Each structure stands twice: as structure tokens, then as C-alpha cells.
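Dear colleague,

Please find the structure below, followed by an account of its pockets and domains.

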Amino acid sequence: MKKLMFALAASTALTGPAFAEMLDLEKDELTFGFIKLTDMAPLAVAYEQGFFDDEGLFVTLEAQANWKVLLDGVIDGTLDGAHMLAGQPLAATIGFGTEAHIITPFSMDLNGNGITVSNEIWEQMKPNIPTMDDGRPQHPISASALAPVVEKYKSEGKPFNMGMVFPVSTHNYELRYWLAAGGLHPGYYSTENITGQIGADVLLSVTPPPQMPATLEAGTIYGYCVGEPWNQQAVFKGIGVPVITDYELWKNNPEKVFGITAEFAEEYPNTTKAVVKALIRAAMWLDENDNANREEAVKILSRPDYVGADYEVIANSMTGTFEYEKGDKREVPDFNVFFRYNATYPYYSDAVWYLTQMRRWGQISEAKPDSWYDEVAKSVYKPDIYLEAARLLVDEGLANEADFPWDSDGYKEPTPAGDIIDGIPYDGKTPNAYLDSLPIGLKGEQTVVGTDVKG
């Protein structure tokens, strides 16, 4: 009997899961912030699946009221780290808005956003949209279909208002990108005027993500760009129609990041690596076996202490589909990506794209050389920390060697024209050439002075 028990134990040891090796942690009690969006999932999964526990980390997760409160919490130390807009660490580091050196050693996801318009606007857009053989709208839908609607409102003296979640959010830049690709000007920022509405055809303003559907329903805005589940919520409530996902806008575009202060990473290097290890494991769990764990993830996220939307609403996009109009549900297996395609690796080229959009719309008021973009990207995005954490996971048998870009110089291969809605390729190593290739937006030495573009 003893021999049999020993044999069973030995068999279990060989076939059972590997276990994380504890680092010598400088700090083990941590509080992380998040906003109620499905792309906070790596934090929730790392907590609920015990990946933080495996690293000896005692983590508290706290929902935050809005992105500014979240950023301020990380800066003042109330929060040790947070689920952040990718533009936040970059903007803070270069001093646009609140100034602080924030870094990211982990990218949270790819894709996950959509642009939704009210039912009224959708009905006005539909005559301008090609249809498929079955009568459904042909996707992706260009903002050129919205342009006649905006012109009509302008001719009637009515401002055309749309919402985004924060001035340095992916959502702001994606909505601007979509509008500009369709010939609509989303407006400039200047050092004197930070509304972002200088010369705008469409007036963009900030609305916190969970409030988007209600603001749309109230008629305060005619459309918005937001992460899930707040596009699908509009479909379920029957108040709006998503017209495009960011996967259609720019295939596998970068989204949120995990942000900490540079000071935290310097003071607690092992703790930082332990956190990244847990988050990598969570991302792997979310994508493994062709998204086999997504239904369980949706159950977690639907709880009120995380996202708090109905299971069906979150599942509509999280499990590989996306519903545009009611009943028009289409397969979009990569709408939410957490680990595939090196989604968690913090690429410098992703950082550079955000910086080009800040420059394009005047948040960066003056021209910068290509070397500046590279230097800022390297001061904020930290693939070295990421790869150190990944190496530990591989050595512990918790991750596969082949799943990480060990030899990367930090820059992705250029994004081909076919993967972006306006057919303009993107190369992170040549930001100024990229800016010059965009038909709407600041180029070269141009600056915004008053209501005019000079230079």
C-alpha cells in the first residue's frame, strides 16, 4: 500500500501543474486600481485564479471612479499600480496634464473597443452604407457614411457631439482616426485651448465608460468610442448601434497597460517582476485553448466588484462574437486578445503610435525629431522587466519559451496598409514620416495658434 501511494504521489508530481518560485519580495501587500471594463480581466483573473497568491502577493483590487482619479492614486501612492489607458503613462512622463514618471512593464490587451452611434444617427447613416447580399450592412463602415449627417447638423446650426473616455485615451485617438479617415475633422488641441475642439467638424468630450449608454440615451452625445461592455450595452438596451470595432479600424491594435511609477519599480524590483509574472499567467489563461476559459472569465467580470454588467452583455463580445444591430451577431474571435500575438509585450512601437497621435492633434504642440519618440518610448515601456518575468515563468515550467519575443528590439514589424482602415501603413521607427502621410493632422513644424494652423 505504501508503495502504491508513493507511486501515485510521484505520478502526480510529474503530471501536475508546476508552481511559481517565490522571489524575495520587497513589498507583498499591494492595492491595484481599475476601471469597470472587460479589459481589466488580467487583474481579476490573476486574483481569482490565485496567480498573485502563488507569487506571495496579497493584492486588493479597487474600482476607480474615472481615469484621472486612478492616475492620481498611482502617483500619490494610494494605489501601487493600475489598469491604465496606454496614453496615461506617456502623457504623464512628458508632462501633458499631470506630470509624473509612470512606466509600464506589461501590456494588458489588444483590441476591445468600438464606436457606437444613436439609433437616430444610424438611420441617417444607413443610406450611405453598402450592403451585403443578405441585406446587412457591409463592414467595416467608414466615417464617410457619417459625413453627410454631420454636414446636415452643421447646416442647421446644431453641434455634432460625440463622447470618448479621456483626452489621452486610445478611444479618443481611435475615434479621431476613424473620423479623419472618413474626411471629418475631429479638432485640434493647443497650449491655450485644451478642449480638442479647435476647427472641429465633430465635437468630442469626455464621458466615463460606464456612463456612455445613459449619456447617449439622454441625447447629450450622438455617439461614442468606448471599451466593452458599453457598446454591447447600447445594443441590449436598444438605444444605439456599434458601427465599427477597433479590430476593423486597426487590426490587433494595442489597448490598455498596467502602470506603476518608475520609483515603485526601482524600489521594489522583485515585487514588480512577481506582479508581471502573475499577470502574464492570467493573460495566458484568458487565451489558452482557443479562449476555452472565456465563459468562466465572463462570470468573474460580471460580478459587481469587477465590471458589474450582465453576463450576457459581457459574453456578447468576450467570447468571440460581436453584435452590431440586434440580431446581427458576427464572429470576431480576436475582438479581445490578451496573450496571442505577443499582446502582453510592451512594444516601443505601440508607445510611439500614441505619441504620434498626441502630436497629430496638438497635444504635443511642437515638432519633435524621431529620436525623441524613441527616447520617450524607452523611458516608459519596459520590455526588459517583462522578459525577466517571462524567463522566470519559463524556467519554472509555467510558460513556453516559444511564446515570447526574446530577440525583439522592442519594435514590431510595420503594420501593413491592409490592416488599417485608411490604408496608410505604420512604422514606429519613422514617426515623422508617418505623420506626414496622414491627410488630416499636424505635420512637420506646424503648430496651432489661436484657431489657425501655422507653418
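In what follows, Ala, Val, Leu, Ile, Met, Phe, Trp, Tyr, Cys and Pro count as nonpolar, Asp, Glu, Lys and Arg as charged, and the others, Gly among them, as polar. This is a predicted model, in which local features need pLDDT of at least 70 and side-chain atom pairs pLDDT 80 or more, while totals for chains, interfaces and linings use all residues. Residues are numbered from 1 along each chain as its sequence is written, and side-chain values use heavy atoms, without hydrogens and water.

The second largest pocket (an open set of points on a 1 Å grid over the protein atoms alone, where a 1.4 Å probe fits, with protein on both sides within 12 Å along at least five of seven lines; lining residues have an atom within 4 Å of a point) has a volume of about 240 Å³, a volume being the space filled by probe spheres set on the points, which are joined across faces, edges and corners. Its lining divides into five nonpolar, two polar and four charged residues, including Trp250, Tyr341 and Asp419.

The largest pocket holds about 360 Å³. Of its 19 lining residues, Phe96, Gly97, Phe166, Pro167 and Ile194 are the closest to its centre. Twelve of the lining residues are nonpolar, six polar and one charged. Domain 1 (29-110 + 254-346 + 382-412) and domain 2 (113-250) both contribute to this lining, so the pocket lies between them; the domain bounds come from an automatic or database assignment.

The centres of the two domains, taken over C-alpha atoms, are 26 Å apart.

Yours sincerely
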